[in-house]
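User: I am new to this structure. Please walk me through its bonds and contacts.

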Amino acid sequence: MFQTNFQGPLFTAFHSGGSHPLDNWLVQCKEGEMKQVLDDVVKSNVLQIQSLNVNACCITCPVDPKGSLGVRMPYLTLLLKNLGQYFTFEITILDSEKIRRRVRLSNYHSVSKTSTFMVTKPMCMDEGWNRVGLKLAEIVSDAFKTTYVETVRIQVHANCRLRRIYFSSQEYKEDQLPNAYRMYKIAVVREKPKRLPKKIAGPVDKKSTAVVEQTKS
């Protein structure tokens with residue numbers, strides 16, 4: 001899907017701003033609701049996904065089940081809000097053995113479980129907004145003893161508020177990121193320019209003025 005796109009150092013897979021944030025995403029919501037809401041903390045529109053059954057309401061990219069995101073960057077970050085309910089999301093990756101494997105994180109599991117094609121990991125989030133970062137290459141190496149090649153698919157389930165999903169070529173600290181990628185935008189305060197004192201007109205030296213005019217010509 002994005003194989004031919006320029007990738008780096010930051011690549012956005014989802015952003016809640018704009019009128020059509022889910023253009024490249026498959027929306028499935030049999031139970032619950034999915035809508036854009038204005039969050040009072042981050043002061044912007046975000047996608048809210050809610051359901052009593054986490055598997056009944058989710059968004060998936062790409063839409064084509066046989067397609068692939070083709071994103072090779074090894075760091076994945078989600079800006080999301082903890083709603084105090086069960087939540088899970090899943091990433092499908094392609095490794096050096098050309099096998100698609102899944103990485104699932106949730107806040108309702110307490111231990112990691114690994115099988116041939118899937119690893120499930122517990123996730124602990126703070127109240128409110130969280131910046132969840134995944135080192136995909138490290139996870140793949142530890143779980144499957146292979147090398148990460150690219151991300152094939154992302155699937156985000158209920159329950160959360162989602163602001164942005166992005167990939168990066170390296171791990172960034174909050175203060176190293178552009179304003180749009182930060183958890184909370186930094187307001188740029190511009191001081192009102194001070195008025196310059198009015199110049200007092202003085203006598204004009206005609207000779208000096210002539211010299212300046214000659215220099216300009």
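**Bonds and contacts**

User: How does Arg101 count by relative accessibility, buried or exposed?

Analyst: This is a predicted model, where local features need pLDDT of at least 70, side-chain atom pairs count only at pLDDT 80 or more, and totals for chains, interfaces and linings use all residues. Residues are numbered from 1 along each chain as its sequence is written, and side-chain values use heavy atoms, with hydrogens and water left out. Buried means under 20% relative accessible area, exposed over 50%, and partly exposed in between (1.4 Å probe, protein chains only). Arg101 has 4% relative accessibility, so Arg101 counts as buried.

User: Which residue does Arg101 meet in a salt bridge?

Analyst: A salt bridge is a side-chain nitrogen of Lys or Arg within 4 Å of a carboxyl oxygen of Asp or Glu. By this rule the count is 9 salt bridges. For Arg101, the N to O distance is 2.4 Å. The partner has 1% relative accessibility and counts as buried: Asp95.

User: How many residues apart in sequence are the parts that Arg161 and Asp39 tie together?

Analyst: The side chains of Arg161 and Asp39 form a salt bridge at 2.8 Å, N to O. Strands are DSSP runs of E, at least two residues, numbered from the N terminus. Arg161 lies in strand S13 (residues 160-168) and Asp39 in strand S3 (residues 33-39), so the parts they tie together are apart in sequence by 122 residues.

User: What is the distance between the closest N and O atoms of Lys35 and Glu33?

Analyst: Lys35 is partly exposed, at a relative accessible area of 38%. Glu33 is partly exposed too, at 35% relative accessibility. They form a salt bridge, and the closest N and O atoms are apart by 3.7 Å.

User: Which strands does the disulfide of Cys29 and Cys57 tie together?

Analyst: A disulfide is a covalent bond between the sulfur atoms of two cysteines. The cut-off here is a pair of cysteine sulfur atoms within 2.5 Å. Cys29 and Cys57 are joined at 2.2 Å, S to S. Cys29 and Cys57 lie 28 residues apart in sequence, in strands S2 (residues 26-29) and S5 (residues 57-61).

User: Why is the disulfide of Cys29 and Cys57 left-handed?

Analyst: The handedness follows from the torsion about the S-S bond. The disulfide is left-handed because that torsion is about -90°.

User: Why is the sulfur of Cys160 too far for a bond?

Analyst: Cys160 is buried, at a relative accessible area of 0%. The closest cysteine sulfur is in Cys57. The bond is ruled out because the distance is 9.6 Å.

Technical notes. Helix = DSSP H or I, 4+ residues; strand = E, 2+ residues; numbered from the N terminus.
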